[in-house]
Amino acid sequence: MTSPGWYLRRLSRMGPAEIAGRAADVVRKRRWRGELPEPAVVPLRRFAATLPSDALMNVSPEAKARLIATADRLMDGHAEYFGVARDDLVNPDWSLDPRTGRRAPAEAYTFDIQYRDEQAVGDIKQLWEPSRHQHLTVLAAAFAVTGEGRYADRVADHLKSWWAANPPLRGVHWVSGIELGIRLLSWVWTRRLLDGWPGAPDLFEGNPVALHQVWHHQRWLAAFGSRGSSANNHVIAEDAGQLAAACAFSWFPESHRWRAQAMRSLDRQLRHNTFASGLNRELATEYHGLVLELGLAAAVEADAAGAPMPDSTWQTLLRMTDTLAAIVDSRLRPPRQGDGDDGHGLIVDGSGTDRWASLLTTGDALFGQLGWWPAGDPADVRTPLLAALATSRVIDAPRPIRRPGHFADAGLTILRSGAGDEEVWCRCDGGPHGFLAIAAHAHADALSLEVRHGGVDVLADPGTYCYHGEAEWRSYFRSTLGHNTLQLDDTDQSRSGGPFLWTRHVRSRVLVAHTEPEGVSRWRAEHDGYGGQRGSVVHRRSVELDSAARELRVTDEVISARPHWCRLAFHLGPSVDVDLAGGRARLQWTAGARRRTAVLELPRELAFSAHRAETTPPLGWYSAGFGRKEPATALIGRGQAGPGHAGFDTLLCFES
């Protein structure tokens, strides 16, 4: 269970207005325990937010094939959530965690459940993910493109099963607003994609159970929205789901009010969650994708309802899309910065669809791509569906005429040279420590680097792996030692107060950012994360990428009045083999049919050792996705820095 100390630390990160709001929530939760009102409904209900008749004609054969293959696996009961294979999805138990074998209490009052306690409920992410019902939007999309009623029948079975097993305010699926918001968005698209099925009206607008569920989801979101230090991607999901449902399921007296409230909040929160440069303020790239997906789906839903979002919403979404196009590598992979839990806003595509290519394809359809955008694969299902609902518009906003490489407000810089399989891509981090007072999804990664060659991780950000239940692994993957940066005195640059809470935030600043695709690109930044009780300490890092020489030079400086024990970490990608001899590491990996090599000349002042798949404590791991980890080599250099001004030089040379 969460400790009293955590509650005190969490309370310390709240302002007076947030504390007052949360106190009011506590009172409301107590009052709701004894009441479960029935919704009033409008007569002559119908679902009007249908797709144009020709919308599906623009779905490519490749996208259809992937969709149907995934839907058929689902029909056979097979899926995978966070590295755990499921074969029980013909008739799922919505309260069973297959990873731990534990069942969450299904009858308990929602707000009594300690959902963060794995001993009480199991792995909450394993429970929540299937109940986002994004597998149902896939099945519904398969019905839409094939007309085969078996997909629709399975959707109906699962919805009826879920509604029966999860009455309002009972069990773990009513705890978190982000879950309710994404589930509502899934229900809207499920109803839309089933529109040609004769049973759709009786499953939704003609079904008292469905009306009861939809109304209580919206009532919950209207009452318990995320606020203050928690108003991050969660509030975007809550607003997007509320807006979509109020637009498409306008079957209640409150629908117009809920729509107006959600529209105002979504516009405000999208702007609040996004830097002027277009990057998401959480500085966790997967959440940039999630927020963009949610924002686009909600804005298109408002268009379909004839109540378009304000221009400021579309301007924010445009900036986010252009920025995504700017930061991806030659394989359209964005940085692996900060937390990531594989969360999606809307899924109507089959497995194997590239998320980032799909987002850029959608951006092209809605905004038009710029000449510097990377080429992508247009074969997805979501883009033609969203484009079919969107209103044509001209967005009054400036767009970059050249591909930007430095995003000053976010402290993120991309150095790159070459193109395609020869591209060297380097992400340099000199930005804020996450977003809001708790910086929930930040890592202690100031001045860290990611380096890729032809889209292959060479110096890798190890990723996230887990949130709940495995405290030691959670701490490792977001630690300073778990990133390609310098650690002093065996401590993190920022102080953690819990798995989603930082109580002291490192301050970084970029001193030089010169991005030049040809010639030499330069970046320099510093942070104060090791000051305070240790006195005045500065870690400064400089990076130079020489396109002609195909070399990346990294210089780390420590400026301090006293000595510090240090560890300099270089985490290699999982496909990179290494031969470490003294201060020289020879790296090899395979890309396509070619064997690639590079040499890492390490600082002679430090003693380097290789670590792989260690568990006590964790070191030498890479997480390609949430819930999954695999061995990878970490090169750790140990030594002393200071007193005075100490410097360490590293040179990465790409040979072939």
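Of the contacts in this chain with a separation of 6 or more, 72% are between residues that lie 24 or more positions apart. Please keep in mind, as we go through the rest, that what you have in front of you is a predicted model.

Let me stay with the whole chain for a moment. Its secondary structure comes to 17 helices and 25 strands. The radius of gyration is 25 Å, close to the 26 Å that the globule rule gives for 656 residues, so the chain is as compact as a globular protein of that length. If you take the principal axes as your frame, the C-alpha atoms fill a box of roughly 75 × 55 × 45 Å. Of the 656 residues, 59% are buried, and the accessible surface comes to about 24,200 Å², with 51% of that belonging to carbon and sulfur atoms. As for charge, the chain has 74 positive and 78 negative charges, and the mean positions of these two groups are 5 Å apart.

Now I would like to turn to two residues, beginning with N484, which you will find in the loop between α17, residues 471-477, and β8, residues 486-488. Is N484 buried or exposed? Its relative accessible area is 2%, and because buried means under 20%, N484 counts as buried. Which residues does N484 contact, once we set aside its neighbours within four places in sequence? Among them are L447, S448 and L449, then L459, A460 and D461, and also R541, A569, F570 and H571. Two of these deserve a slower look, starting with L449, whose backbone oxygen lies 3.0 Å from a polar atom of the N484 side chain. The N484 side chain also reaches the backbone oxygen of A460, at 3.0 Å. In sequence N484 and A460 are 24 residues apart, while from C-alpha to C-alpha they are 7.5 Å apart in space.

The second residue is T323, and here we move from a loop to a helix, since T323 has its place in α14, which covers residues 311-327. T323 is buried as well, with a relative accessibility of 3%. Where does its side chain reach? It comes to the backbone oxygen of R319, at a distance of 2.9 Å. Beyond residues up to four places away in sequence, T323 touches S277, G278, L279 and F407.

To bring the two together, then, N484 is buried at 2% relative accessible area and T323 is buried at 3%, and the side chain of N484 reaches the backbone oxygen of A460, while that of T323 reaches the backbone oxygen of R319.

Note on methods. Residues are numbered from 1 along each chain as its sequence is written. This is a predicted model: local features need pLDDT of at least 70, side-chain atom pairs count only at pLDDT 80 or more; totals for chains, interfaces and linings use all residues. Side-chain values use heavy atoms; hydrogens and water are left out. Helices (H or I, at least four residues) and strands (E, at least two) are DSSP runs, numbered from the N terminus. The radius of gyration is taken over C-alpha atoms; the globule rule is 2.2 Å times the number of residues to the power 0.38. Buried means under 20% relative accessible area, exposed over 50%, partly exposed in between (1.4 Å probe, protein chains only). Contact means heavy atoms within 4.5 Å. Accessible areas come from the Shrake-Rupley method with a 1.4 Å probe; for residues, only the protein chains shown count as cover. Lys and Arg count as positive and Asp and Glu as negative; His and the chain ends are not counted. The place of a charge is taken as NZ of Lys, CZ of Arg, CG of Asp or CD of Glu. A polar contact is a pair of N or O atoms within 3.5 Å; within protein, one must be able to donate a hydrogen and the other to accept it, and residues adjacent in sequence count only if both atoms are side-chain atoms.
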